[in-house]
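Here is a briefing on a two-chain complex. Keep the structure open while you read.

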Amino acid sequence: MASKVIHALYIDDDILMDAVKKVRSEHYHIEEVYTPFPVHGLDKAMGLPHTRLAITAFMYGCVGLTVAITMMNFIMIKDWPQDIGGKPSFSYLENLPAFVPIMFELTVFFAAHLMVITFYMRSKLWPFKEAENPDVRTTDDHFLMEVDATNKNVDQLTELLSDTGAVEIKVIDKEEDNH
Amino acid sequence: MYTLSNRLRLFSIVLMVIGLIGLIVGFGQRPGSIQEVKEMMAAHDAHGGGHGDSHAISDDHAKNTHGTETHGASEDAHGGDAHYEHVLHQLQNKPWAALYVAAFFFFMIALGVLAFYAIQFAAQAGWSPVLFRVMEAITAYLVPGGIILFVILGLSGFHINHLFVWADPEVVAHDKLIQGKAGWLNGTGFIIRAIIFLGGWMTYRHFAVKYSRLQDEDATGNKWYKKSFKISAAFLVFFIYTESMASWDWIMSFDPHWFSTLFGWYVFASLFVSGITTIALITIYLKSKGYLDFVNNSHIHDLAKFMFGISIFWTYLWFSQFMLIWYSNIPEEVTYFITRIEDYKLPFFGMLAMNFIFPLLVLMNSDFKRVNWFVVMAGIVILCGHYIDVFNMVMPATVGTSWFIGISEISAVLLFLGLFLFVVFRALTKAPLLAKGNPYIEESKHFHY
C-alpha cells in the first residue's frame, strides 16, 4: 500500500517546537523529525514514550559491579592471595577499599559500553549503514518534520504547515517497502 | 511579597529559647573536678565496661589533645588519676564542641548557598534566577552566623576554652610538630585570617544582594547585572582559596599533627551539598505555602540533581582521602581514621549511609527528583548526615571517647536552627520573591526539562 507523507522544513528550533505542538494539537501524526542537533524537549513535544535506556544502564551497571567483585575475589583472594603493603588478602571485605576503584570503573565501563551498543542496536545503526536521512540539509542548518498525509486532506495540511512557519513543503509518495 | 507568619516566628523563637536553656544546662553539667568525673563514671555502668578500651588510647591521646598535666603522669597512670583527668578535660570541652559543631554547620549552609549563588551569576545560568531571592535570604544568615562563629573562634584561638590544642602554650612547649607549625597556627594569625575570610565573604554578599535589588529597580542596559557578574567571578576565585584555608584553620587544626591535602575540597563538597539541599527544602516549603508560583517542578528537579551529584562528589572526595591513608598506613596519617573507626564507628559509617547510599538510591530515578516529598526526605537525611560529618571532624580531637549526643548537642542544634530560620525567613520578607530585573528571568520562568 502506498503511503503519503509531507516533508516540512524549518530553519529554527523554536519555530519547529511550536510547529510540532500545533500539528499534534490538530491531530496529525508526526512520523519523524530530523534535526542537525538534539533539540531539548522535542521528544516530549512529539509525545514519544520515555526512553528505557536508563533502565538498561542500571542493569548493565549491576552486571559490571558483579563481574568486578567476582573477578577480584577469585584473583586476589581465592586463587593467589598476596601480602601487599602489610595487608594480606585473605578477606575480600577487609581489603574492600583497595577494590572499590575497580568496582566503580567496571560498573561505569559496562554501563557505558553496553548502553551504547544497545542504543545502536535499538536505532538500527551499524558501521557503513546508509543514512535514512531524507534531506541532507538536516545535517547542516535545517529541521525536517515528516507528517503522515495518508487519507488526509493534503491542501489543508499544507496550509497548516506553512502557517507554522515552514520554509519548504514537499508531498512525498512512498511505497511501503522502501520505508 | 512574603510575610513572616506569626507561627513561624514563634516557632523559631521557641527553638532558640529551648536551645539556649539546654546549652546553659549543658555548660552547667560540666564536671568541675576529678571527683565528679569518678562519680559520674561510677554511675554509668555501661561506660565502665568500655573503660579499658578508652584507657588504651588515652596515652596516644594525651599527646595529641590534652598533654598539659597528663603528659608526665601517664606512664604510671594505670588506674591512677591521669585517665580521669583526661576524661574531665574531654567532658569540659563537650558543650563547647557541641556549640562549635552546630555554629559551623549552619554557617556552612549559608556559605554553600553563597558559593552556589555566585556560580549562577558567573555561569550566567538561565534556569535559576527564579530562585535567587531564596538564595539571597539564606545567605542573610552569613552575617549573624559568621559573627557568632568568629566569637567562638576568638575564644578558642586565645585558649579561653580548650577546643584547639595548638592554642594551649603548655602543649605547644612539649610538642615539636606543633612548634613547627606555630608560624601559621597561632591565636593572632588565626583571628586575622578569620577576619579576612569572613569579611571578604560578607562584603561580597552585601554587594551581590544590593546589585540584585538595584537591577530590579532599573534594568536598563543591565548595568547592575554586569556588576554582579564581575564581583561574582572575583568572589569565586577569592572563595576557593579562603574556603580551603578556613577549613584548615577551623576544622583540620583540631588534629594539628594530621594533614590532608584535599581537606578544603572535602569541606567544600560538604557545605555545597548542604547549601543546595537547604535551597530545595526552603523552596518546597514556600511553594507549599502558595508562594513562588513561578517555580515549577523542573527547578526542583534540577536542585535534586545537584543534591544527587554533589552527594556523590562528596563521597568521591571522602573515599579519595580515606583510601590513600588506609592503604599507605603511615602512623601519623592513619591515626585520624583509626580514632574514628574505633571510637566513632556508628557516626562514621552511619554518615556514609546517610550521605551516599541513601541519596544515591532515593534520588537516582529521574521521576523521583520531581516528587516533593522524596526531595524533602532525601534532603533531611542529607542535612543530618552532614551534621554528623562535621561532628566526626570536630569531636574526636576535642572530646575523644567521651562523646555522646546529649543535651548540649541537641540544644546547640536547636539554638542555631531557630536562629537560622528566624534570620532566613525574615530576610525573605525584605524583597519581592521574584528578581524581576534579572535578564534571564523569562528564560528561568519557562525553564522546563
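This model is predicted. Chain B averages a pLDDT of 88, and 92% of its residues score at least 70. One stretch of chain B falls well outside that: pLDDT stays under 50 over residues 46–78. For the complex, the predictor gives an ipTM of 0.74 and a pTM of 0.84.

**Confidence**

- Residues 46–78 of chain B still have 38 contacts in the model beyond four places in sequence.
- Where pLDDT is low, predicted coordinates should not be read in detail.

**Chain B: overall build**

- Chain B has 19 helices and zero strands.
- Its C-alpha trace spans about 75 × 45 × 40 Å along the principal axes.
- What radius of gyration does chain B have, against the value for a compact globule? Chain B has 23 Å, which agrees with the value near 22 Å for a compact globule of 449 residues.
- Buried residues account for 47% of the 449 residues in chain B.
- Take the contacts in chain B between residues at least 6 apart in sequence: 81% of them join residues at least 24 apart.

**Chain B: helices α11 and α13**

- Helix α11 of chain B covers residues 187–217, 31 residues in total.
- From first C-alpha to last, α11(B) reaches 45 Å, close to the 45 Å expected at 1.5 Å a residue.
- Buried residues of α11(B) include the aromatics B:Phe190, B:Phe197, B:Trp201, B:Tyr204 and B:Tyr211.
- B:Arg205, B:Ser212 and B:Gln215 are also among the buried residues of α11(B).
- An α-helix has 3.6 residues a turn, so residues three or four places apart point the same way.
- The cover over the buried residues of α11(B) includes α6 (81–122), α7 (132–139), α8 (142–157) and α12 (223–250) of chain B.
- Helix α13 of chain B spans residues 263–288 and has 26 residues.
- The reach of α13(B) is 38 Å from its first C-alpha to its last, close to the 38 Å expected.
- α13(B) is mostly covered, with 19 of its 26 residues buried.
- Just after α13(B), B:Gly290 takes a positive phi of about 90°.

**Chain B: a lysine on α12**

- B:Lys226 sits in helix α12 of chain B.
- Buried or exposed: which is B:Lys226? B:Lys226 counts as exposed, because it has 12 C-beta neighbours inside 10 Å and the cut-off for exposed is 12 or fewer.
- B:Lys226 and B:Phe116 lie 110 residues apart in sequence and 18 Å apart in space, C-alpha to C-alpha.

**Nonpolar cores**

- The largest nonpolar core has 121 residues.
- Those with the most contacts inside it are B:Val101, B:Ala102, B:Ile138, B:Met307 and B:Val424.
- α6(B) gives the most to this core, with 23 residues.
- A second, separate core has 19 residues, including A:Val5, A:Val23, A:Ala149 and A:Leu157.
- B:Ala102 touches B:Ala412, B:Val413, B:Leu415 and B:Phe416, leaving aside residues up to four places away in sequence.
- In soluble globular proteins, nonpolar side chains tend to be buried together.

**Chain A: overall build**

- Chain A has five helices and six strands.
- From the N terminus on, the order is β-α-β-α-α-β-β-α-β-α-β.
- Chain A has a radius of gyration of 25 Å, whereas a compact globule of 179 residues would have one near 16 Å.
- The C-alpha trace of chain A spans about 80 × 35 × 30 Å along its principal axes.
- Of the 179 residues, 16% count as buried.
- Among contacts in chain A between residues at least 6 apart in sequence, 78% join residues at least 24 apart.

**Chain A: positive phi**

- Most residues other than glycine have a negative phi.
- A:Lys124 has a positive phi of about 55°. A:Lys124 is in the loop between α4 and β5 (143–148) of chain A, and is exposed, with 8 C-beta neighbours inside 10 Å.
- A:Asn151 has a positive phi of about 60°. A:Asn151 is in the loop between β5 and α5 (154–163) of chain A, and is exposed, with 7 other C-beta atoms within 10 Å.

**Interface**

- Seven residues of chain A are in contact with eight residues of chain B.
- Helix α4 (residues 96–122) of chain A gives the most to the chain A side, with three residues.
- That side divides into four nonpolar, three polar and no charged residues.

Definitions and conventions:
Residues numbered from 1 in each chain as written. Chains lettered and ligands numbered in written order. Helix = DSSP H or I, 4+ residues; strand = E, 2+ residues; numbered from the N terminus. Rg over C-alpha atoms; globule rule 2.2 N^0.38 Å. Buried ≥ 20, exposed ≤ 12 C-beta atoms within 10 Å, placed from the backbone. Contact = placed C-beta atoms within 7 Å. Nonpolar A, V, L, I, M, F, W, Y, C, P; charged D, E, K, R; others polar. pLDDT = per-residue confidence, 0-100. Expected span 1.5 Å × (residues − 1). Core = buried A, V, L, I, M, F, W, Y, C linked by C-beta atoms within 7 Å.
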